[in-house]
Amino acid sequence: MKTRATLIGFTAILMWSFLALMTAASGKMPPFQLSAITFAIGSLPGIITFVLRPQRIRQLRQPAKVWLTGVFGLFGYHFLYFTALRNAPAVEAGLIAYLWPLLIVVGSALLPGEKLRWYHVVGALAGLAGTVLIVAKNGVAFDPAFGFGYFAAFLCAFTWSGYSLITRRFEAVSTDVVTGFCLATSILSALCHLGLETTVWPEDLSQWAAVVGLGVFPVGLAFYAWDHGVKNGDIQILGASSYAAPLLSTLILTLFGFAEPSLRIGVACVLITGGAMLAAQDMIRRPKKTEA
């Protein structure tokens, strides 16, 4: 059961790996407008479920702490991420924001019933090193002038890791509630768009298809899968394995001609894959049941 939930959680990482490709194909829509539309689309699977099974809408009746955690996790992460990118170079901001898998692994020690082992931390650090190779291909230069953007990126990393860890404590709460989180995030993103951005619509059907694809998968089903995975699966393995997202994203961009293959990507692949396998050794080397 735990292995199955972990694998379901990993499908979220696979879907997030298509985020860069679909975003690039979606045109020049500003981030909050794109967030508002895609999260609205992402809520549709849950809405359809509520229409077909009206009794499940009762799952939205949750304590305030559940709603605050979910909405702050989804909307807060994206708000802080966009803020970081607006106030700091994308490479440095992205690297700081991508500390969240490591924070999940380390923070899991605070969860009841979880034991943090050395190989969890080393696996996550190997994944981080691989991510640095991918993202910082032209070097990294942290400039104090962009301090506000870097700070927003740190808050971004703590927001998503905190959301994932706290969600673990709400394991009795149905994943149906993610529908409400997506709707709330869509509304808040729309308000930010109206106040901060100029509206830009997709230019053709291919860009609209990319927007819909974003809403259905990386900004839709992925959050439902992640919710189920962190509540019922191995959160330490999921944390370390999350570094596969930027690697897979780069491989996908390379496959579609948006990036060039290189030795650097190969080394990153070894670091991230090896780190994930190291962190997952409890699941891989699970002792076999002895026969009576």
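Student: Which residues line the largest cavity?

Tutor: Good place to start! In this predicted model, the lining is made of Val-66, Thr-69, Gly-70, Tyr-163, Thr-167, Phe-170, Val-173, Val-177, Phe-181, Asp-227 and Lys-231.

Student: What makes this space a cavity?

Tutor: A cavity is a set of points where a 1.4 Å probe fits but cannot get out. The largest cavity has a volume of about 50 Å³. By this rule, there are two cavities of 30 Å³ or more.

Student: Which helices supply at least two residues each to that lining?

Tutor: They are helix 5 (64–87), helix 9 (147–168) and helix 11 (205–232). Helix 5 gives the largest share, three residues.

Student: How many of the lining residues are nonpolar, polar and charged?

Tutor: Six are nonpolar, three are polar and two are charged. Asp and Lys count as charged, and the lining includes Asp-227 and Lys-231. Gly counts as polar, and Gly-70 is one of the lining residues.

Student: Now to the surface. Why is Ile-47 called partly exposed?

Tutor: Let's set the value against the cut-offs. Buried means under 20% relative accessible area and exposed means over 50%. Ile-47 has 31% relative accessibility, so Ile-47 counts as partly exposed.

Student: What makes Ile-47 eligible for a nonpolar patch?

Tutor: Patch residues need over 30% relative accessible area and no salt bridge, and Ile is on the list of nonpolar side chains. At 31%, Ile-47 passes the area cut-off. Ile-47 forms a surface patch with Leu-44, Ile-48, Val-51, Leu-52 and Leu-183, with about 560 Å² of accessible area together.

Student: Where does the largest share of the patch come from?

Tutor: From helix 4 (residues 44–52), which gives five residues; Ile-47 lies in helix 4.

How values were computed:
Residues numbered from 1 in each chain as written. Predicted model: local features only at pLDDT ≥ 70, side-chain atom pairs only at ≥ 80, totals over all residues. Heavy atoms only, no water. Patch = residues over 30% accessible without salt bridge, like charges linked within 9 Å, V, L, I, M, F, W, Y side chains within 5 Å. Areas by Shrake-Rupley, 256 points an atom, 1.4 Å probe, with all protein chains shown as cover. Salt bridge = Lys/Arg side-chain N within 4 Å of Asp/Glu carboxyl O. Helix = DSSP H or I, 4+ residues; strand = E, 2+ residues; numbered from the N terminus. Buried < 20%, exposed > 50% of the residue type's maximum accessible area, 1.4 Å probe, protein only. 1 Å grid on protein atoms, 1.4 Å probe; cavity = no way out; pocket = protein on both sides within 12 Å on 5 of 7 lines; lining within 4 Å. Points joined across faces, edges and corners; volume = space filled by probe spheres on them.
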